[in-house]
Amino acid sequence: MAVPCTLIPGDGIGPDITDATVRILEAAGATFEWDRRLAGMAAVDKFDDPMPDETIESIKRTGLALKGPLETPVGGGYRSVNVALRRTFDLYANVRPARSVVPGGRFDNVDIVLVRENTEGLYSGVEHFIAIGADPRAAAESTAVVTRYGSERIIRYAFEYALAHGRKKVTVVHKANILKMTGGLFREVGMEIAKEFAGRVDYDERIVDAMAMQLVIKPEMFDVVVTTNLFGDILSDLISGLVGGLGLAPGANLGANAAIFEAVHGTAPDIAGKGVANPGALVYAACLMLEHLDDHPRARRIRDAMESVIRERKTVTRDLGGTATTAQFTDAIIARLA
Ligand code: NAD
């Protein structure tokens, strides 16, 4: 039976890489009932709103979305698309896998899944300026909120992810030596949950600064990594850099009521409309979506096909060192699926 899924082509290179990804999914025999909806600038042009209600309603109905990159309108009173989605669907987990694919990079053996808490920490939006004398912005204060509930659900998610994907270890990253309460609570919850999974998934912990150094020196030490919002934001980009940047980096945003899959990169305005964008990150995001639907064999087939084309280096896009167009790269992957 076809799975209903909201499809948001997005802006810039979004429509091209979305078309490519849909073609690859169909060639692999995946059956989705696509509900195409607008968001980003495409939606501003039509509805004067970058995240129209009808798009939100579609995701409420399907609980599943594949999303191209969205241009963030600069200026104006527009609501932020990511904030609207995160709030509406309580998307508490941001999952970013990173694996060495292109040979000859800085590291050949990175295979890390970073799980970032997406709703709390320093992103809770509790901040203000403090006026002193004539200066209304003499100081600024921000409150980090860490709850037992929020920590439990994200750390549990990381351990369950590890179990479901045959991974061996979860590293909890924190700053509990200095932030004794916010960091301390996150760490404490990590140790409690680790006991439930003892014998099935190993537990490990790191202070975030040491983690940053060890990731750069010996990334192969790490498997699944779970951390709070701001540390996750920074470490996830660091980890993408270890495997050659954003061109092949997918992300999943998961909550109790919806799961939204996307490429980590943006709309690439410099190459939009030229037909040369690399669809790889969105194809990987689609593979995460298939795994979310428990279709692991098909996800593996698509990944294997794409990676064999990438390793061969004959029909790859410019950012991967080749000269192929989006369509030629896509056709090569489809030919490999046959
Ligand atoms: P970007 O990721 O769009 O581009 C950075 C560089 O990487 C550019 O040189 C671009 O050509 C290249 N690049 C990115 N994706 C590529 C691909 N698939 N194939 C080949 N090359 C690729 O970042 P930016 O320029 O900072 O942002 C552009 C717009 O995208 C902004 O409006 C920003 O707000 C938006 N954005 C959206 C998302 C999202 O919707 N998830 C994420 C990041 C940025």
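The following dialogue examines the ligand site and the domain interface of a predicted model.

Guide: In this predicted model, local features need pLDDT of at least 70 and side-chain atom pairs count only at pLDDT 80 or more, while totals for chains, interfaces and linings use all residues. Residues are numbered from 1 along each chain as its sequence is written, and side-chain values use heavy atoms, with hydrogens and water left out.

Visitor: Which residues around the ligand come nearest?

Guide: A residue is near a molecule if one of its heavy atoms lies within 4 Å of it. There are 18 residues around the ligand, and Leu-70, Gly-266, Ala-268, Asp-270 and Asn-278 come nearest.

Visitor: What makes the approach of Leu-70 to the ligand a polar contact?

Guide: A polar contact is a pair of N or O atoms within 3.5 Å; within protein, one must be able to donate a hydrogen and the other to accept it, and residues adjacent in sequence count only if both atoms are side-chain atoms. A polar backbone atom of Leu-70 is 2.8 Å from an oxygen atom of the ligand, so the pair qualifies. Ligand nitrogen atoms also lie 3.2 Å from a side-chain N or O atom of His-265 and 3.4 Å from one of Glu-262.

Visitor: How much of the ligand does the protein cover?

Guide: Of the 820 Å² of accessible area (Shrake-Rupley method, 1.4 Å probe) that the ligand has on its own, the protein covers 64%.

Visitor: Where are the domain bounds?

Guide: An automatic or database domain assignment gives domain 1 (1–92 + 246–338) and domain 2 (106–243). Their centres, taken over C-alpha atoms, are 26 Å apart.

Visitor: Why is the pairing of Arg-153 with Asp-90 called a salt bridge?

Guide: The term requires a side-chain nitrogen of Lys or Arg within 4 Å of a carboxyl oxygen of Asp or Glu. The closest N and O atoms of Arg-153 and Asp-90 are 2.9 Å apart, so the pair meets the definition. The rule finds one salt bridge across the interface of domain 1 and domain 2.
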